[in-house]
Amino acid sequence: MFGDDEARGPRPLPARRALVDDVYDAVLGLLMDRVIEPGARVNIDAVARDLDVSPTPVREALTRLESEGLVAKRALKGYVAAPLLDEAGLRDLYDMRELLEPEAARRASTHLDDDTENELAESVVQMRAASAPDEDESFRNYRRFIDEDLHFHHLIAEHAQSPLLSEAIVRLRSHMHLYRLNFRHDFEDDTVNEHEGILDALRRRDANAAAEAMRAHIENSYDRLGPALARRAENASE
């Protein structure tokens, strides 16, 4: 566990951009790969040593991750990694998505331009390419799939012509929490196929079909993850 203990060897930072972005990506990877275990205290000094940076950019990264719900600041403890979703939390998250995202797709269907359609289509292509199996199951290697999944849903939300609706969807950051459950390859092909169905409805400017395709995608996603999460909980209790 990477919490109060010493860092376990150097983890190289990504190619240089702004330092705070590099550190954010690195700490996010530690959380997603569960090197920092759910519920564990984040030892800022140890993380800084591990990444060979000062504590300041680590604190800045944790502030950003706190706004996304992936860490929380606790009195007398500092930052702790958010716990994994349980069955009730997963159901609640999907209930919120079902309330918000089909309506966003309905509204976006009448406001998309050619550039946005092309951007959504390219996102689907990139997700398909990124879903190819590989031997390394680390977060870094399937980050592109996650980023494109987020981008697809957020781009639709941004074209719903409702800043409040868009902000609510983006602030959920639901995908990051889902990917922490680490069911890689259990759902990627289905996710891409369902994105293609949503895109097809949007291209046809069929508001009802777009809303229904989004609703079906969210329901199917829950049906895939819910039982797997329940099985994991049962195995952990044995």
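Accessible areas here come from the Shrake-Rupley method with a 1.4 Å probe.

**Figure 1. Overview of the protein chain in the predicted model.** The accessible surface of the chain comes to about 11,700 Å². Carbon and sulfur atoms account for 48% of that surface. The chain has 238 residues, and 49% of them are buried. Its secondary structure consists of 10 helices and two strands. In sequence order the elements run α-α-α-β-β-α-α-α-α-α-α-α. Of the contacts between residues at least 6 apart in sequence, 77% join residues at least 24 apart.

**Figure 2. The aromatic pair of Tyr94 and Tyr222.** The structure holds one aromatic pair. The ring centres of Tyr94 and Tyr222 are 5.5 Å apart and the ring planes meet at 65°, so the geometry is edge-to-face. Tyr94 belongs to helix 4 (residues 87–108) and Tyr222 to helix 10 (residues 207–237), so that the pair, 128 residues apart, links distant parts of the chain. Tyr94 is buried because its relative accessibility is 0%, which is under the 20% limit. The ring of Tyr222 also has a charged partner: Arg91 lies over its face, at 3.9 Å from the ring centre.

**Figure 3. Arg64 over the ring of Tyr24.** Arg64 lies over the face of the Tyr24 ring. The distance to the ring centre is 3.6 Å.

**Figure 4. The hairpin of strand 1 and strand 2.** Strand 1 covers residues 71–74 and strand 2 covers residues 78–81. The two strands pair in the antiparallel sense, over four bridges. Val71 stands opposite Ala81 of strand 2. Three residues separate the strands, and Leu76 in the turn has a positive phi of about 70°. In a regular strand the side chains alternate between the two faces of the sheet.

**Figure 5. Surroundings of Leu62 in helix 3.** Helix 3 spans residues 55–67 and includes Leu62. Leu62 counts as buried because its relative accessibility is 0%. Leaving aside neighbours within four places in sequence, Leu62 is in contact with Val27, Val42, Ile44, Val71 and Tyr79. One of these contacts, Val71, is the residue that stands opposite Ala81 in the hairpin. Another, Ile44, is 18 residues from Leu62 along the chain, with 9.0 Å between the C-alpha atoms.

**Figure 6. Helix 5 and its buried residues.** Helix 5 (residues 114–130) contains 17 residues. From first C-alpha to last it reaches 24 Å, close to the 24 Å expected at 1.5 Å a residue. The buried residues of helix 5 are Thr116, Glu117, Leu120, Ala121, Ser123, Val124, Met127 and Ala130.

**Figure 7. Asp147 in helix 6 and Ser123 in helix 5.** Asp147 lies in helix 6, which runs over residues 139–158. With a relative accessible area of 31%, Asp147 is partly exposed, because this class lies between 20% and 50%. Ser123, in contrast, is among the buried residues of helix 5. Asp147 and Ser123 are 24 residues apart in sequence, and their C-alpha atoms are 9.2 Å apart in space.

**Figure 8. Ser166 in helix 7.** Helix 7 covers residues 163–172 and includes Ser166. Ser166 is buried, with a relative accessible area of 11%. Not counting residues up to four places away in sequence, Ser166 touches Ala157 and Glu158. Both contact residues fall within the range of helix 6, residues 139–158.

Definitions and conventions: Residues numbered from 1 in each chain as written. Predicted model: local features only at pLDDT ≥ 70, side-chain atom pairs only at ≥ 80, totals over all residues. Heavy atoms only, no water. Buried < 20%, exposed > 50% of the residue type's maximum accessible area, 1.4 Å probe, protein only. Contact = heavy atoms within 4.5 Å. Phe/Tyr/Trp six-rings, centres within 6.5 Å; stacked < 30°, edge-to-face > 60°. Lys NZ or Arg CZ within 6 Å of the ring centre and 35° of its normal. Expected span 1.5 Å × (residues − 1). Pairing = 2+ DSSP bridges.
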